[in-house]
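Below are some notes on the model, set out as numbered points. Please read them alongside the coordinates.

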Amino acid sequence: MTVVDLALIAGPAIVVIGLVGHLLVGDLLRRIVALNVASGGVMMVLLAIAARGEAPDPVPQALVLTGIVIMAAVTGVALALARRVDAVTDESEGR
Amino acid sequence: MSLEIGVFDGLLLAGVVLSAVVAVLVPRRTSAVAVFLVFGLLLALLWARLDAPDIALAEAVLGGGVTGALLVDALASKQAEVPRRRSWALATGIIAGIIAFLGMGWVVSRLSEPSGQLPLLVDDHIGGSGAEHPVTAVLLNFRSFDTLLEIAVVMTAVFAATAVSDRSWTRTLSASGELRIIAVVLLPVVSLLAVWMLVAGTTRPGGAFQAGAMVGAGLVIAHLTGTRRTSTRGPWGDALIVLGLVVFILLAFSTAVGGAGWLVLGESWASTAILAVEAVLAVSIGVGLARIFLANRREPGEAR
Amino acid sequence: MIVLMTLLLGVGALFMIAGTVGLLRFPDLPTRLHAVAKADNLGLGFIILGLIVHTVSNGVGAGVVAKLLLIWILALIGTAVNSHLLATREDDG
């Protein structure tokens, strides 16, 4: 068993944990964190696949790098939206 | 790096899975964000272990730095009341999750042996590609169309974040003396690291995205310590953010019309083109990430 | 060389553990910051020393040593900044 095999087991587990957490948790910030966790799991699977050959395969690595940048930007937008939703919910419930 | 399992690898993967579980399950927001930061750090270590040093750099600076800053800033708002999920929803979710995990495990177990074709193709063509590091060559030459779309997505995200904000965040914070000293010490180091990572991307792990994240971090530090003209607000900020996509599209059009084809870089000028595009992308991404953070900061006002 | 490196890394890890125990057990923010700042900086310093011993014994040049020391200095600056900002924050909840 190599690191790659372990990562190929842990990766799907983390994806599922993140996705189920994202769908079932109520609080918006925690849902965004769960989605980021799930994306970490996806990257783990891709990088484990990239590490299988003798030399690491650069194409999945490039895909993952793209994914990290996009996740950072989209997390920023999601947090801004979550903050507005929470503020509006607070107002509408008269707090 | 040999891929055999050692004690360290077992501990690392156990830590990753454990921190993922805790980050999702723990009820308080602050704890969830703190454990998620630990998860990001352990992921960066795991990427280094899996022979992906570029990704480890990017995860450390973007996952830990930028995403961490965004999440910690979002903690400043109050936690709203949320309805409890009903138990049948929880049970369905968990059962669906287990089925999904087993399904993914089955797919992963049927992966064929690595054929090695793509790495061989990359090795064959890397000579005239303009970059010696394979990941950079893939990102900016062989798959440069994906990078063009990526910068378009980032630009859209930046403008979405600007639209959600109240579009009038403070231009200059007033900062105490200690913060100015911090700026004087940190900003030259950050700038040097950004430029170095940009230039090093041609021959070793590094590149435009890591450099861009450093530029973004530098701009945020500069703004928060009271430097003028670093708020990324206004037409100059917009121009710098759009510049990356515009330059990339201009390059694509010029190669399509006057060159060998859409985004086909000729061997003689490929390395200059790659470095130039990377520099512009780094600036664009940096200003964009800084704006995403600064436009939606809580309590714009005096810094201590 | 391996013995020296292991010793230095072990001492560094001990200091890190001490800092974490302090973080968990001390009663309020200033004492916790004190424990984390002092112990973690020392711990990181010893770990970096161990890494320097390791890289020098593997024949890598002065550039790597300089970068490792730069990491330690930057971590010190970061901890100092964070501790100061956290300790002097106005309590607004």
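**Notes on the predicted model**

1. Residues 179–289 of chain B are 76% helix and 0% strand, with the end C-alpha atoms 22 Å apart. This is a predicted model. The span carries a UniProt annotation, from an unreviewed entry, as "domain: Na+/H+ antiporter MnhB subunit-related protein".

2. A second annotated stretch of chain B covers residues 15–76, which the unreviewed UniProt entry labels "domain: MrpA C-terminal/MbhD". In the model, 87% of residues 15–76 of chain B is helix and 0% is strand. The C-alpha atoms at the two ends of that span are separated by 28 Å.

3. On confidence, chain A has an average pLDDT of 90, and 98% of its residues score at least 70. Within chain A, helix α2 (residues 28–50) has the highest confidence, with a mean of 94. Helix α3 (residues 58–92) of chain A has the lowest, with a mean of 90. As a general caution, predicted coordinates should not be read in detail where pLDDT is low.

4. How do helix α1 (residues 3–24) of chain A and α2(A) cross? Their axes come within 7 Å and cross at roughly 160°. Angles over 145 degrees count as roughly antiparallel, so α1(A) is roughly antiparallel to α2(A). The crossing of α1(A) and α2(A) is left-handed. The residues in the contact of α1(A) with α2(A) divide into 17 nonpolar, six polar and one charged.

5. Which two chains share the most contacts? Two pairs of chains are in contact, and of these chains A and B share the most contacts. Chain A contributes 63 residues to the contact with chain B, and chain B contributes 78 residues. On the chain A side, α1, α2 and α3 each supply at least two residues. The largest share there comes from α3(A), with 24 residues. By class, the side of chain A that touches chain B comprises 43 nonpolar, 12 polar and eight charged residues.

6. Chains A and C are a separate case: they do not touch. The nearest C-alpha atoms of chain A and chain C are 17 Å apart.

7. Two items to keep together when reading chain A concern α3(A). This helix has the lowest confidence among the helices of chain A, at a mean of 90, and α3(A) also supplies the largest share of the side that touches chain B.

Notes:
Residues numbered from 1 in each chain as written. Chains lettered and ligands numbered in written order. Predicted model: local features only at pLDDT ≥ 70, side-chain atom pairs only at ≥ 80, totals over all residues. UniProt positions renumbered as here; feature names shortened; annotations may be inferred. Helix = DSSP H or I, 4+ residues; strand = E, 2+ residues; numbered from the N terminus. pLDDT = per-residue confidence, 0-100. Axes fitted to C-alpha atoms, helices over the stretch in contact; angles between N-to-C directions. Parallel < 35°, antiparallel > 145°, perpendicular 65-115°, else oblique. Left-handed = near helix turned anticlockwise from the far one by under 90°. Nonpolar A, V, L, I, M, F, W, Y, C, P; charged D, E, K, R; others polar. Contact = placed C-beta atoms within 7 Å.
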